[in-house]
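Good morning, colleagues. Please take a moment with the sequence and the structure before I begin.

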Amino acid sequence: MAANSSSTVSKPSNSTGGKQAGTGGKQAGPSAEQVVAAFQRMRSEQRSMVSKAAELEMEINEHSLVIETLKDVDPTRKCFRLVGGVLVERTVKEVLPALESNKEQISKIVESLNTQMQSKGRELTEYREKYNIRLVGEGEEGQGKSAASSNGGEGSASKGGAGVLVS
């Protein structure tokens, strides 16, 4: 994963040096490095949401398996449940409703995470379009810019973040 976190900034393919020099040294927006850092931060937030959602989905599956198993068992039978790292003795009729309640709560959290992931995805897309961010290996034109940036364009940032290439 550490190799994926590196980023490269490329110049726009057209020569607009004269136009940029005429701005009088005023910077219209964040630097390319700031744009890349913000983009990487948003991507890592989205990845952490995805991994958390996957983890919660696994918990829902485990709860479902236990609930299905306990439904066919005598309600007065002893049952052990791990609560806060402590194994507690209960009966099936006490544990089953708690498991179903936990499963419902986890499902609600997963739904909430899914809506957050969708909004984060839209935010990332808008950010990419706003600052013209291209991911390495994305499309034919992205590969041409990548080759141009590796020949000596690394470290040269364009004003306004145009032509930012992120790996």
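**Salt bridges, a hairpin and a long-range contact**

Let me begin with a single side chain, Glu123, which is partly exposed because its relative accessible area is 37%. I should state at once that we are looking at a predicted model.

Which residue does Glu123 meet in a salt bridge? The partner is Lys120, with N and O separated by 3.7 Å. Both residues belong to helix α3, and since they are three residues apart, about one helical turn separates them. In general, an α-helix has 3.6 residues a turn, so residues three or four places apart point the same way.

Lys120 has a further partner. Its salt bridge with Glu45 brings the closest N and O atoms to 2.6 Å from each other. Here the chain is linked across distant parts, for Glu45 sits in helix α2, residues 32-71, while Lys120 sits in helix α3, 75 residues apart. Is Lys120 buried or exposed? Lys120 is buried, because its relative accessible area is 10% and the limit for that class is under 20%. Glu45, by contrast, has 27% relative accessibility and therefore counts as partly exposed. Taken as a group, Arg41, Glu45, Lys120 and Glu123 form a network of salt bridges. The model has six salt bridges by the rule applied.

Allow me to step back to the overall layout. The protein contains four helices and five strands. Following the sequence, one reads the order β-α-α-β-β-α-β-α-β. Of its 167 residues, 28% count as buried.

Helix α3 deserves a closer look. Its 40 residues, 92-131, should span 58 Å at 1.5 Å a residue, and because the end C-alpha atoms lie 57 Å apart, expectation and model agree. Just after this helix comes Asn132, with a positive phi of about 55 degrees.

Towards the end of our discussion of α3, let me turn to aromatic rings. A pair of aromatic rings is described by the distance of the centres and the angle of the planes. How many aromatic pairs does the count give? The count is one aromatic pair. Tyr127 and Tyr131 have ring centres 4.9 Å apart and planes at 55 degrees, so this pair is classed as tilted. That angle is neither under 30 degrees, as stacked rings require, nor over 60, as edge-to-face rings require. The two tyrosines are four residues apart in helix α3, which means that about one helical turn lies between them. Tyr127 and Tyr131 are both buried.

I now move to the strands that precede this helix in the numbering. Strand β2, residues 78-83, pairs with strand β3, residues 86-91, in the antiparallel sense, and six bridges are found between them. The two strands make a hairpin with two residues between them, and in the turn Gly84 has a positive phi of about 60 degrees. Two of the facing positions can be named. Thr91 in β3 stands opposite Lys78, and Arg90 in β3 is the bridge partner of Cys79.

A salt bridge also joins these strands. The side chains of Lys78 and Glu89 come together at 3.6 Å, N to O. As Lys78 belongs to strand β2 and Glu89 to strand β3, the pair ties together parts that are eleven residues apart in sequence. Lys78 counts as exposed because its relative accessibility is 58%, whereas Glu89, at 44%, counts as partly exposed.

Finally, there is the surface of this region. Which residues make the nonpolar surface patch of about 360 Å²? Phe80, Leu82 and Leu87 make it. Phe80 is placed in strand β2, and its relative accessibility of 51% is why it counts as exposed, the cut-off being over 50%.

To close, I would leave you with two pictures: the network of salt bridges that includes Glu45 and Lys120, and the antiparallel pairing of β2 with β3. Thank you for your attention.

Notes:
Residues numbered from 1 in each chain as written. Predicted model: local features only at pLDDT ≥ 70, side-chain atom pairs only at ≥ 80, totals over all residues. Heavy atoms only, no water. Expected span 1.5 Å × (residues − 1). Pairing = 2+ DSSP bridges. Phe/Tyr/Trp six-rings, centres within 6.5 Å; stacked < 30°, edge-to-face > 60°. Buried < 20%, exposed > 50% of the residue type's maximum accessible area, 1.4 Å probe, protein only. Patch = residues over 30% accessible without salt bridge, like charges linked within 9 Å, V, L, I, M, F, W, Y side chains within 5 Å. Areas by Shrake-Rupley, 256 points an atom, 1.4 Å probe, with all protein chains shown as cover. Salt bridge = Lys/Arg side-chain N within 4 Å of Asp/Glu carboxyl O.
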